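Subject: Handing over the structure

Hi,

Here is the structure I said I would pass on to you. Have a look around first, then read my notes underneath.

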Amino acid sequence: MKNRKIAGAIIFLAIQLFLLYVYSVIALRNVGEDATYNHSDFYECDENSIEVIFVGGSFSYCTFSPIELYERYGISSYNFGTSNQYAISSYLWTLEASEYQDLKVVVLEAMTISMSHGNLGNDIRALSSMGISKNYLRLALTYKRNAYNVLFPVFVLHDEWEINENTFSASACAEESCLKGYVPLHSEAGSEYQDSILTGDETEDAYLKFTYVDKLREFCNENGIQLIIVKSLMASNESGSWSDGYHNRVAAYAEEYGIPFIDFNSQEYIDEIGFVIAEDVAEDLRHMNVNGAGKATDFIGEYLTNMEGLELNLYQNSQIDENVIALYYETISD
């Protein structure tokens, strides 16, 4: 009798765990309905067809267009930006991408450095397209006290567990796939925004935690991957999101470890690239619009093409053809 009770309890527990797993998978898939989190189309890319990836938050996914980078420079890339992406997720997406692709370059959007880790729900959403995979489960090593929420994310994504018509649909529609992680914005900041948000004060400082940037840097060094840090153009820093202090701190870190650092808010880059802040930043004053993203993507294409020692396989992605490029421009048209 005792053994039967134990067996019954084990079966009951196993059923509960199985149901939690199923609901967790459903919840992760439902997060992907939001294009700012959905990177399921990455898994449809041919193996070793991507050499450059962009990681970071919304500043990343509004700044770099993989299709335009390929059309103009033949560089095959993918943008892993997600809303409010923390540095831990940027690091884990790099690990994930490297298992499928022979990466040559990782471009980290600098705003992510100010957000190391600490919001489990946000990190789960950022990595939701991985499913409950090895690199996703690395979150449990960081959030040890909440590891059960990593294993069963339905506890965090409690509003996402219901099955709907899109839950088991194709991983990404053609329109989303042709964007390759890029999110276009069409509004403009307006004529009153003309000047850089930076003052050039080299004495200003700010505290930044580089825990997962260090891990990303070390991983890139160990695997022969070039790490580049880029800060996207902004029209205002009233929210305190980027400042001379942040710029100086990241610049010092980059110099210490020999990492290229490009701040589009620096006057030298504004002049070199020809940014017009009023026209190249969206009306939220924080993110670059399609005009600015085109210029930023052009700059990165030129930069990578002329980078000493970097050898890329240009125009070798058979999944990008004239039809995909045409669909891309149709999709981003206002």
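Below is what I found, going from the whole protein down to single residues.

Before anything else, please keep in mind that this is a predicted model.

**The whole protein**

There are 334 residues, and 54% of them are buried. The secondary structure adds up to 15 helices and 5 strands. If you take the contacts with a separation of 6 or more, 83% of them join residues 24 or more positions apart. As for the outside, the accessible surface is about 15500 Å², and carbon and sulfur atoms own 48% of that.

**Helix H4**

Try finding helix H4, which covers residues 87-98. From first C-alpha to last, the 12 residues of H4 reach 17 Å, close to the 16 Å expected at 1.5 Å a residue. Of those 12 residues, 11 are buried, so H4 is largely enclosed by the rest of the structure. Among the buried ones are Tyr-91, Trp-93 and Glu-96. What covers them? The cover over the buried residues of H4 includes strands S1 (52-55) and S3 (105-109), along with helices H5 (120-126), H6 (134-137), H7 and H10 (211-222).

**One residue in H7**

Helix H7 runs over residues 139-142, and Ala-140 lies in it. Is Ala-140 buried or exposed? Its relative accessible area is 16%, and buried means under 20%, so Ala-140 counts as buried. Leaving out neighbours within four places in sequence, Ala-140 touches Ala-147 and Val-150. You can also check its C-alpha against that of Leu-120: these two residues are 20 apart along the chain, and the atoms are separated by 9.7 Å.

**Strands side by side**

Strand S4 (residues 226-231) is mostly covered, with 5 of its 6 residues buried. S4 runs parallel to S3, and 5 bridges join the two. S4 also pairs in the parallel sense with strand S5 (residues 261-263), this time over 3 bridges. A handy residue to click on is Val-230 in S4: Glu-109 stands opposite Val-230, and so does Ile-262 in S5.

**Salt bridges**

The count comes to 7 salt bridges. Three residues, Glu-68, Arg-72 and Asp-298, are linked in a network. Within that network, the side chains of Glu-68 and Arg-72 meet at 2.6 Å, N to O. Both sit in helix H3 (residues 66-73), and because they are 4 residues apart there, about one helical turn separates them. Glu-68 is buried at 4% relative accessibility, while Arg-72 is partly exposed at 34%. Arg-72 forms a salt bridge with Asp-298 too, with the closest N and O atoms 3.3 Å apart. That pair links distant parts of the chain, since Asp-298 belongs to helix H14 (residues 290-305) and lies 226 residues from Arg-72 in H3. Asp-298 is partly exposed, at 28%.

Another salt bridge joins Asp-214 and Arg-217, at 3.1 Å from N to O. Both are in helix H10, 3 residues apart, about one turn of the helix. Here Asp-214 is partly exposed at 23%, and Arg-217 is buried at 9%.

**Cysteines**

How many disulfides does the structure hold? The number is 0. If you want cysteines to look at, Cys-45 is buried with a relative accessible area of 13%, and Cys-220 is buried with 1%.

Cheers

Notes: Residues numbered from 1 in each chain as written. Predicted model: local features only at pLDDT ≥ 70, side-chain atom pairs only at ≥ 80, totals over all residues. Heavy atoms only, no water. Buried < 20%, exposed > 50% of the residue type's maximum accessible area, 1.4 Å probe, protein only. Contact = heavy atoms within 4.5 Å. Areas by Shrake-Rupley, 256 points an atom, 1.4 Å probe, with all protein chains shown as cover. Expected span 1.5 Å × (residues − 1). Pairing = 2+ DSSP bridges. Disulfide = S-S within 2.5 Å. Salt bridge = Lys/Arg side-chain N within 4 Å of Asp/Glu carboxyl O.
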